[in-house]
Structure formats: C-alpha cells, structure tokens
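Colleague: Can you walk me through this one? I have some short questions.
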Amino acid sequence: MTPTGWPTGKIALALYPFGAGAAAVNVFFASLIFSWLGGPVATTPWSIGLGCAIGAPATWYFARHIRHLMDVADKAQEG
C-alpha cells in the first residue's frame, strides 16, 4: 500500500506557524510562573525566539502523529 495524502514534512511545514506560536505563548507564561520564584520575565523577542526553536521539533512530532492517524484511517477504510 502506498501512502496517500500529504507527507509528514509537508504537514509539519503547514502547521509550523501554529506550533511556534503556541510554544512562544507557553514560554512566556512559563517565564511568568518562574518570576514568582524571582526569575526574569521573558521579553517578546526571547519568547518568540525560543518558541520558534521549541516549536520546530514539537511540530515535527505532531505532524508524524497526524500522518500516523491518516494511515490508520486509510487502513480502516480499506477493510
């Protein structure tokens, strides 16, 4: 059986802006929680930069999961 639909890389590229944005928001909120312990609050450029760095592998793994779900759905549809 040959896979149908988008490959993992294409899915990851399509979802990367959302993954990087979500990671940037999470970095910022984590820095707010860390500030309760006396740490610094992340600035906007730091949050975006770390979000882009963390978002790349997170989006890749999520795209692999989506590709797996697509393959399982195709297999179930075949019978």
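Modeller: What follows covers a buried threonine, a tryptophan and a surface patch. This is a predicted model, where local features need pLDDT of at least 70, side-chain atom pairs count only at pLDDT 80 or more, and totals for chains, interfaces and linings use all residues. Residues are numbered from 1 along each chain as its sequence is written, and side-chain values use heavy atoms, leaving out hydrogens and water.

Colleague: Where is T59 found?
Modeller: T59 is in helix α2; helices are DSSP runs of H or I with at least four residues, numbered from the N terminus.

Colleague: Buried or exposed?
Modeller: T59 counts as buried because its relative accessibility is 5%; buried means under 20%, exposed over 50%, and partly exposed in between, with a 1.4 Å probe and protein chains only.

Colleague: Which residues does T59 touch?
Modeller: Beyond four places in sequence, T59 touches A12, L15, Y16, G19 and A20, where contact means heavy atoms within 4.5 Å. The T59 side chain also reaches the backbone oxygen of G55, at 2.6 Å.

Colleague: New topic. Where does W6 lie?
Modeller: W6 is in the segment before α1. W6 is partly exposed, at 43% relative accessible area.

Colleague: And what is W6 in contact with?
Modeller: I11, A14, R67 and M70, leaving aside neighbours within four places in sequence.

Colleague: How far apart are the C-alpha atoms of W6 and I33?
Modeller: They are separated by 38 Å, with the two positions 27 residues apart along the chain counted as the separation.

Colleague: Last one: where does V41 lie?
Modeller: V41 is in the loop between α1 (8-35) and α2 (44-78), and V41 is partly exposed at 41%.

Note on methods: Patch = residues over 30% accessible without salt bridge, like charges linked within 9 Å, V, L, I, M, F, W, Y side chains within 5 Å. Areas by Shrake-Rupley, 256 points an atom, 1.4 Å probe, with all protein chains shown as cover. Salt bridge = Lys/Arg side-chain N within 4 Å of Asp/Glu carboxyl O. Helix = DSSP H or I, 4+ residues; strand = E, 2+ residues; numbered from the N terminus. Polar contact = N/O pair within 3.5 Å; in protein donor to acceptor, adjacent residues only side chain to side chain.
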